[in-house]
Amino acid sequence: MVYIESWDDFYAAAHQMYLAAPSRTRYCVKYRDTGGRLTLKVTDNATCLKYRSNQKEHLKEVEKLTTLFFRLMTTVHPEAVSAVHEPLPSAQAAAPAESATGGDGKGKSRK
């Protein structure tokens, strides 16, 4: 197991590994608080890719890789998923607007 130094190389290799063997590829995240070391591992039992960092700024990269794997695992055609990170819609924009009666449309009855 060799650590890949470049994030972009690790990200591209992990994406290609998943496309080659989607049912065997898995992803593991480890964080050690004592040294502040984050380790990512992607493997398909034949090849193991590892990346490590001790920079807090790299947590956004972990989110980027996790989002990629979620998109790959939830689509019927993973080869059509782009490796480019697309921002997710905000939760506020995705939530439907509640009506003035309290959200459930029933309202309170008055006697």
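Helices (H or I, at least four residues) and strands (E, at least two) are DSSP runs, numbered from the N terminus. The model is predicted, so local features need pLDDT of at least 70 and side-chain atom pairs pLDDT 80 or more, while totals for chains, interfaces and linings use all residues. Residues are numbered from 1 along each chain as its sequence is written, and side-chain values use heavy atoms, without hydrogens and water.

**Exercise 1.** Determine the order of the elements along the chain.

*Solution.* Begin with the inventory: the chain has three helices and four strands. Then read from the N terminus, which gives β-α-β-β-β-α-α.

**Exercise 2.** Locate Thr39, classify its exposure and list its contacts.

*Solution.* Step one: Thr39 lies in strand β3, residues 37-43. Step two: buried means under 20% relative accessible area, exposed over 50%, and partly exposed in between (1.4 Å probe, protein chains only). Thr39 has 13% relative accessibility and therefore counts as buried. Step three: a contact requires heavy atoms within 4.5 Å. Leaving aside residues up to four places away in sequence, Thr39 touches Tyr3, Cys28, Val29, Lys30, Lys50, Tyr51 and Arg52.

**Exercise 3.** Classify the exposure of Lys30, a residue that Thr39 touches, and state its strand.

*Solution.* Lys30 belongs to strand β2, residues 26-32. Because its relative accessibility is 48%, Lys30 counts as partly exposed.

**Exercise 4.** Describe the chain as a whole by burial and by contact separation.

*Solution.* Of the 111 residues, 26% count as buried. Among contacts with a separation of 6 or more, 47% join residues 24 or more positions apart.
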